Amino acid sequence: MQRFKIIGTGSFLPDNVVTNDELAKTVDTSDEWIRERTGIGARRYALEGATSDLAAEAVRRACDDAGMAASELDALIVGTCTPDTLFPSTACWAQGKLGIQGMPAFDVMAACTSWMYGIKVAADMIAGNPSLKIAVCGAETFSRILDFEDRRTCVLFGDGAGATILTGTQEDTGLLASNWGSDGNLASILGVPGGGSAKPSTHATVDAREHFVYMEGGKVFKHAVTAMSSGVLKALADANLTADDVDVLLPHQANKRIMNACLDRTHIDASRVFSVIEKYGNISAASIPVALDEARKAGALVDGHKLAVTAFGGGLTWGSGVIQM
Ligand code: UT7
């Protein structure tokens with residue numbers, strides 16, 4: 001077990017709501033198709049600011065929730081695949097916007113799995129020094145990398161940020177079990193091909209629309225179901241728990257059908273899932289911390305609960321765990 005306590009959570013979703021019907025005015029799609037195939041009803045697009053603005057606000061709110069100043073943080077970890085800039089890190093941009101300095105701020109890049117990877121990194125840091133207070137934030141502005149000429153991807157993603165503050169504890173709370181992994185042999189099936197060192201930005205990469213999200217949806221879907229359900233089952237087995245012990249399940253929220261397939265395979269009751277996909281779409285690294293924050297604020301997730309989390313994303317990457325709240 002890796003002991004820590006979640007002492008604060010916060011989230012920030014831009015005000016600007018974009019419904020399926022609004023998208024259908026410019027893209028060849030329909031509310032019916034999007035709801036049936038994904039469970040998404042709307043998403044938020046940030047009209048201004050960058051990923052770090054969303055991250056900074058989510059961290060600020062999480063610090064308020066924890067009753068501490070952001071300056072008391074010992075580390076700021078941001079998980080994102082829509083960074084402000086290639087470098088410096090979005091965490092550093094967010095640190096500046098929070099008006100704090102000194103503590104290490106760095107990004108974790110595991111696409112939609114980034115928050116889960118960040119939690120693993122923070123748990124390891126706290127194991128070495130339980131006095132640390134660490135913010136793990138998942139933040140995305142996917143609206144900036146969507147190809148609105150590709151209906152297979154542009155309807156899926158949205159913008160948002162969620163943050164979680166962790167610190168060491170003597171209590172029996174924290175990660176009861178966890179696992180994480182990746183398969184770089186499948187790196188090409190989900191990502192943004194252009195703009196990095198492999199394909200530096202040129203007029204040709206812009207013309208070929210290579211600065212937008214590319215996804216082979218069917219392949220990603222199958223891997224997501226397998227990795228997320230087997231990850232949860234392994235974490236439960238490693239913690240000597242069964243599906244019935246799970247009070248709340250927060251799966252990465254990419255597609256309602258993926259979430260339902262995970263329920264089928266893990267035999268976790270559907271009533272245990274806390275879902276935000278209908279209103280926010282796939283917010284990638286932000287999906288679990290936003291759902292976690294909303295579940296806590298709604299009273300659906302309380303101290304004493306066993307929380308199962310499972311994430312999956314480009315890389316391919318995955319990570320699952322059971323958190324004793
Ligand atoms: O967060 C990171 C991980 N991401 C994921 O886990 C996403 C995984 N993938 C998925 O969620 C699903 O594969 C999608 C939602 C992306 C696609 O669903 P699908 O059931 O796999 O649909 P499909 O790609 O097989 O397309 C079925 C049909 C196609 O038409 P034809 O070729 O059968 O005539 C598509 O052109 O649906 C069409 N289609 C659409 N129609 C209306 C695809 N996108 C749309 C759309 N509106 N937005």
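Contact here means heavy atoms within 4.5 Å of each other. By that yardstick, in this predicted model, helix H3 (residues 51-66) lies across E2, strand E5 (75-79), strand E7 (133-141) and E8. The helix runs at about 135 degrees to E2.

The sheet under discussion is an open one with five strands and mixed pairing, and its order reads E2-E8-E7-E5-E6. Strand E2 (5-12) and strand E6 (105-108) sit at the edges; each has a single partner strand, so one side of each goes without a neighbour in the sheet. From one strand to the next, the twist averages 20 degrees. At the E2 end, the pairing with strand E8 (residues 159-167) is antiparallel and takes in seven bridges. One pair to look for there is isoleucine 6, whose bridge partner in E8 is leucine 166.

A second open sheet, again of five strands with mixed pairing, follows the order E1-E9-E14-E13-E12. Its edges are strand E1 (2-3) and strand E12 (248-251), and since each has just a single partner strand, one side of each is left without a neighbour in the sheet. H8 packs on this sheet, where it touches strand E9 (174-182), E12, E13 and strand E14 (317-324). The direction of H8 makes about 150 degrees with that of E13. As for E12 and strand E13 (residues 306-313), they run parallel and are joined by four bridges. Leucine 249, for instance, finds its bridge partner in alanine 308 of E13.

Now for the ligand. It has 22 residues around it, and Thr29, Arg37, His252, Asn255 and Asn282 come nearest. Three side chains are worth picking out. In arginine 37, a side-chain N or O atom is 2.6 Å from an oxygen atom of the ligand. For asparagine 282, the corresponding distance from a side-chain N or O atom to a ligand oxygen is 2.7 Å, and for histidine 252 it is 2.8 Å. On its own the ligand exposes 950 Å², of which the protein buries 71%.

Several helices help to build the shell around the ligand. Helix H2 (31-38), helix H6 (151-154), helix H8 (217-238) and helix H9 (256-266) each put in at least two residues. H8 gives the largest share, with four residues, so to speak doing double duty, given that H8 also packs on the second sheet. By residue type, the shell splits into 10 nonpolar, seven polar and five charged residues.

Note on methods: Residues are numbered from 1 along each chain as its sequence is written. This is a predicted model: local features need pLDDT of at least 70, side-chain atom pairs count only at pLDDT 80 or more; totals for chains, interfaces and linings use all residues. Side-chain values use heavy atoms; hydrogens and water are left out. Two strands pair if DSSP finds at least two bridges between them. Axes are lines fitted to C-alpha atoms, for helices over the stretch in contact, and angles run from 0 to 180 degrees between N-to-C directions. A residue is near a molecule or strand if one of its heavy atoms lies within 4 Å of it. A polar contact is a pair of N or O atoms within 3.5 Å; within protein, one must be able to donate a hydrogen and the other to accept it, and residues adjacent in sequence count only if both atoms are side-chain atoms. Accessible areas come from the Shrake-Rupley method with a 1.4 Å probe; for residues, only the protein chains shown count as cover. Ala, Val, Leu, Ile, Met, Phe, Trp, Tyr, Cys and Pro count as nonpolar, Asp, Glu, Lys and Arg as charged, and the others, Gly among them, as polar.
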